[in-house]
Amino acid sequence: MRALLTRVEQDSRLDRVGDRLQRVVLGTLRPRRLRDLLHGVTLGHPLHPAMVQVPVGAWISAAVLDLMPGQRRAATVLVGLGTVSALPAAVAGLNDWAALSRDQRRVGLVHAAANSVGVTLYAGSLAARLSGRHGVGRTLGWLGLSAASLGAYIGGHLAYKQGAQVNQSVSELHRISEGWHSLVEMGALPQRTLVTREVDDVSVILYRHGDEVTVMLERCAHQSGPLGEGEVQEIGGHACVVCPWHGSAFRLNGGEVVQGPSGNDQQILPTRIQDGVLQTRLP
Ligand code: FES
């Protein structure tokens with residue numbers, strides 16, 4: 001299975017379908033605020049993994065009830081709940097998928113295909129149960145659960161092996177040693193300008209506004225884009241750094257994501273001024 005998924009990651013034949021679907025998703029899911037909502041920007045966490053809990057939980061519960069006598073009605077309700085709730089979860093997933101890198105999109109396409117088969121089988125299961133054919137409904141339910149489980153396995157590969165929609169920058173903290181690190185003389189730090197420095201060998205950006213200074217990891221939480229090469233823009237009344245790669249924006253006075261495709265906040269580091277020198281340390 002691992003070897004198969006590695007081949008999928010490298011299979012450029014999937015790009016024709018993937019590129020076309022990406023254009024459709026980006027052209028359909030508008031305005032940007034809708035896309036941000038689906039990315040989980042308002043939560044500060046990706047929304048899709050949370051949304052899939054409902055169909056997965058409902059379908060597994062229905063499968064258990066299918067093994068028990070006298071539970072047809074409850075199982076039918078759960079199959080219906082799972083099937084209906086899978087649709088918004090799929091839309092949120094497609095929205096995240098459209099902002100992934102090419103190798104991630106290839107695997108994401110197979111993940112979506114397996115889940116689409118699962119949803120179709122569950123829709124058939126629901127129809128069979130509602131028309132009184134509970135034996136057929138149970139069989140289609142088991143097949144649907146198998147397809148959805150395969151989709152979940154592939155989704156796990158996408159998230160945990162390929163790092164899709166996980167915070168790409170926060171692991172940098174593990175390379176920063178304990179204690180305070182000197183960065184720059186305050187007198188040499190310009191106002192309202194992004195400055196890049198290193199803490200150990202980890203790149204951080206500094207932004208000074210009056211006597212307040214923000215120190216933030218430089219690698220973007222979305223796909224490791226260089227925030228030090230980004231622009232500072234006023235968004236919602238706050239100074240934000242906008243990533244030059246895909247446009248995610250993070251508040252410079254807190255690191256909160258205010259614009260996707262990142263669904264994660266950007267890590268801020270604590271600061272202090274010691275003898276006129278700006279210092280930082282691990283949170
Ligand atoms: S790397 Fe994608 S928005 Fe920063």
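Strand S6 and strand S7 (residues 249-251) run antiparallel to each other and are joined over 3 bridges. Strands here are DSSP runs of type E with at least two residues, helices are runs of H or I with at least four, and both are numbered from the N terminus. Two strands count as paired if DSSP finds at least two bridges between them. The model is a predicted one, so local features need pLDDT of at least 70 and side-chain atom pairs count only at pLDDT 80 or more, while totals for chains, interfaces and linings use all residues. Residue numbers start from 1 along each chain as its sequence is written, and side-chain values rest on heavy atoms, with hydrogens and water left out.

Back to S6 and S7: Val-241 sits opposite Phe-250 in S7. The two strands make a hairpin with 6 residues between them, where Gly-247 takes a positive phi near 85°. Val-241 also has Val-232 standing opposite, and this belongs to the pairing of strand S5 (residues 231-235) with S6, which is antiparallel over 5 bridges. S5 and S6 form a hairpin too, with 2 residues between them, and Gly-236 in its turn has a positive phi of about 60°.

Elsewhere, an open sheet of 3 strands follows the order S1-S11-S10, with antiparallel pairing. Strand S1 (181-185) and strand S10 (271-274) are its edge strands, each pairing on one side only. On average, neighbouring strands of this sheet are turned by 35° against each other, direction ignored; axes are lines fitted to C-alpha atoms, for helices over the stretch in contact, and angles run from 0 to 180 degrees between N-to-C directions. S1 pairs with strand S11 (residues 277-280) in the antiparallel sense over 4 bridges, and His-181 has Thr-280 of S11 as its bridge partner.

Then there are the pockets. A pocket is an open set of points on a 1 Å grid over the protein atoms alone, with protein on both sides within 12 Å along at least five of seven lines, and its lining residues have an atom within 4 Å of a point. Grid points are joined across faces, edges and corners, and a volume is the space filled by probe spheres set on the points. The second largest pocket holds about 240 Å³. Among its lining residues are Arg-192, Tyr-207, Glu-212 and His-238. Strands S3 (202-209), S4 (212-217) and S6 (238-242) each supply at least two lining residues, with S4 giving the most, 3 residues. The lining divides into 4 nonpolar, 4 polar and 3 charged residues. For this split, Ala, Val, Leu, Ile, Met, Phe, Trp, Tyr, Cys and Pro count as nonpolar, Asp, Glu, Lys and Arg as charged, and the others, Gly among them, as polar.

The largest pocket has a volume of about 1,000 Å³. It is lined by 39 residues, and His-48, Val-52, His-111, Asn-115 and Gly-155 lie nearest its centre. Helices H4 (48-51), H5 (53-66), H6 (72-97), H7 and H8 (134-161) each bring at least two residues to this lining, and the largest share, 10 residues, comes from H8. By type, the lining residues are 26 nonpolar, 12 polar and 1 charged.

Helix H7 (residues 102-130) is also home to Ala-113. Ala-113 counts as partly exposed because its relative accessibility is 41%; buried means under 20% relative accessible area, exposed over 50%, and partly exposed in between (1.4 Å probe, protein chains only). Ala-113 and Leu-282 are 169 residues apart in sequence and 42 Å apart in space, C-alpha to C-alpha.

Note on methods: On a 1 Å grid over the protein atoms alone, a cavity is a set of points where a 1.4 Å probe fits but cannot get out, and a pocket is an open set with protein on both sides within 12 Å along at least five of seven lines; lining residues have an atom within 4 Å of a point.
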